[in-house]
Amino acid sequence: MAKPQVLLLGKIDHATTTWNALSDIADLLEPQSTNRPQFLQECRSGAFNNVAACYRTFASASITGPWDAELIAALPQSLKFCAHNGAGYDQIDVAACTARDPPLKVSNVPVVPDAATADTAVFLILGALRGFNTSLLAAREGKWRGQPTPPPLGHDPEGKVLGILGMGGIGRNMKKKCEALGMKAIYHNRKPLSAEMAGGATYVGFEELLAQSDVLSLNLPLNKNTRHIISTPEFAKMKPGVIIINTARGAVMDENALVQALASGHVASAGLDVYEEEPKIHPGLLENPHVMLLPHMGTWTLETQEKMEEWCIGNIRAGLETGLLKSPVPEQADL
Ligand SMILES: O=CC(=O)O
């Protein structure tokens, strides 16, 4: 019997040996397309009609566009598994995958990205609290401590309230690291965690989280319930001088509203790794020398990238060999 095919959407940079080893059970295939219209056409041409599983990266959206209803309808009937290499899978319309007959099973990469993403958040928290960005810029311009005018004094993390919106694996990892800096953690989730999972962080309502945080960190997934969960009315409920950190997805926060809140001074600073329209960064953020801006580097370490690729390939092998993915997305836990 012919082997099933596995389609690679994106690149494998590290786990090439594990990827190539998949050829014991599948033929490995790459698309010819370089943009979405071509990709839809390639799908509809029958070129992928023996593809049973697909490995996709966040960056592969530059070829396929989002996995929305149109794309999911164009994918071949043979496709049973989509292994996404990332924690956040907001690019995939999971409901449309589930509605297929048979359902298209989707997995993400949980846990593995937690530590590196939390480290990125800690870097942004410290950088924003201490106001380090202007000094980083000044040092490169040969202006010692911003000569002739030194920057305003920063703030210590010690004793500050860290509000965590979305206390999943990344939030919990970040909490531990920030407690080592003397911060006090409060959090809001749809439901409180068990005492063991919360690890001493206090559960508060959403409004209390807004009102009590000195540093508010966004660690929740992007979906239709969380899009723009932070916007003008929410900023108005926060402490003057609050610092906002976002390592989740840009669109959980209304970027225009953030720019306005920064301009008014109500939000003192921000540390951002993610943006509403990546790779574009809002000009109001680029022009503000106080905010810390990273270009989506949360999991960008050799160790984490390697482990994420391995995990994602593990999902493909599990799907093909057992019919079940190792880490299905929570919406499909019962499939
Ligand atoms: O943004 C990174 C991820 O979702 O893993």
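User: What makes the charged end of Lys326 count as sitting over the ring of Trp311?

Analyst: In this predicted model, the charged end of Lys326 lies 3.9 Å from the centre of the Trp311 ring. The cut-off is 6 Å from the ring centre, along with a limit of 35 degrees from the ring normal, so the distance fits and the contact is listed as a charge over a ring.

User: Moving on to ring pairs, how many aromatic pairs turn up in the whole structure?

Analyst: Three. Among them is Phe39 with Phe48.

User: Why is the pair of Phe39 and Phe48 called tilted?

Analyst: Look at the angle: the planes of Phe39 and Phe48 are at 35 degrees, with the centres 5.7 Å apart. Stacked needs under 30 degrees and edge-to-face needs over 60, so 35 degrees leaves this pair as tilted.

User: And how do you know whether Phe39 and Phe48 are buried or exposed?

Analyst: Buried means under 20% relative accessible area. Phe39 comes out at 0% and Phe48 at 2%, so Phe39 is buried and Phe48 is buried too.

User: Why does the pair of Tyr187 and Tyr203 get the name edge-to-face?

Analyst: Their planes stand at 70 degrees, and the centres are 5.3 Å apart. Since edge-to-face starts over 60 degrees, the name follows.

User: What does the pair of Tyr187 and Tyr203 tie together?

Analyst: Parts 16 residues apart in sequence, because Tyr187 lies in strand β7 (residues 184–188) and Tyr203 in strand β8 (residues 202–203).

User: Why is Tyr203 called partly exposed, and what does Tyr187 count as?

Analyst: Tyr203 has a relative accessible area of 30%. Partly exposed is the range between 20% and 50%, so Tyr203 belongs there. Tyr187, at 1%, counts as buried.

User: Over to the sheet: what makes β2 and β5 the edge strands?

Analyst: The open sheet has five strands in the order β2-β1-β3-β4-β5, paired in parallel. β2 (27–29) and β5 (105–107) each pair on one side only. From one strand to the next, the twist averages 20 degrees.

User: How do you know that β4 and β5 pair?

Analyst: Pairing takes at least two bridges. Three bridges join β4 (residues 81–85) to β5, and the two run parallel, so the requirement is met. One example is Ala83, whose bridge partner in β5 is Ser107.

User: Which helix lies across β4 and β5, and at what angle does it run to β4?

Analyst: Helix α14 (residues 302–322), which also lies across β1 (5–9) and β3 (51–57). The helix runs at about 170 degrees to β4.

Note on methods: Residues are numbered from 1 along each chain as its sequence is written. This is a predicted model: local features need pLDDT of at least 70, side-chain atom pairs count only at pLDDT 80 or more; totals for chains, interfaces and linings use all residues. Side-chain values use heavy atoms; hydrogens and water are left out. Helices (H or I, at least four residues) and strands (E, at least two) are DSSP runs, numbered from the N terminus. Axes are lines fitted to C-alpha atoms, for helices over the stretch in contact, and angles run from 0 to 180 degrees between N-to-C directions. Contact means heavy atoms within 4.5 Å. Rings of Phe, Tyr and Trp (its six-membered ring) pair if their centres lie within 6.5 Å; planes under 30 degrees apart count as stacked, over 60 as edge-to-face and the rest as tilted. Buried means under 20% relative accessible area, exposed over 50%, partly exposed in between (1.4 Å probe, protein chains only).
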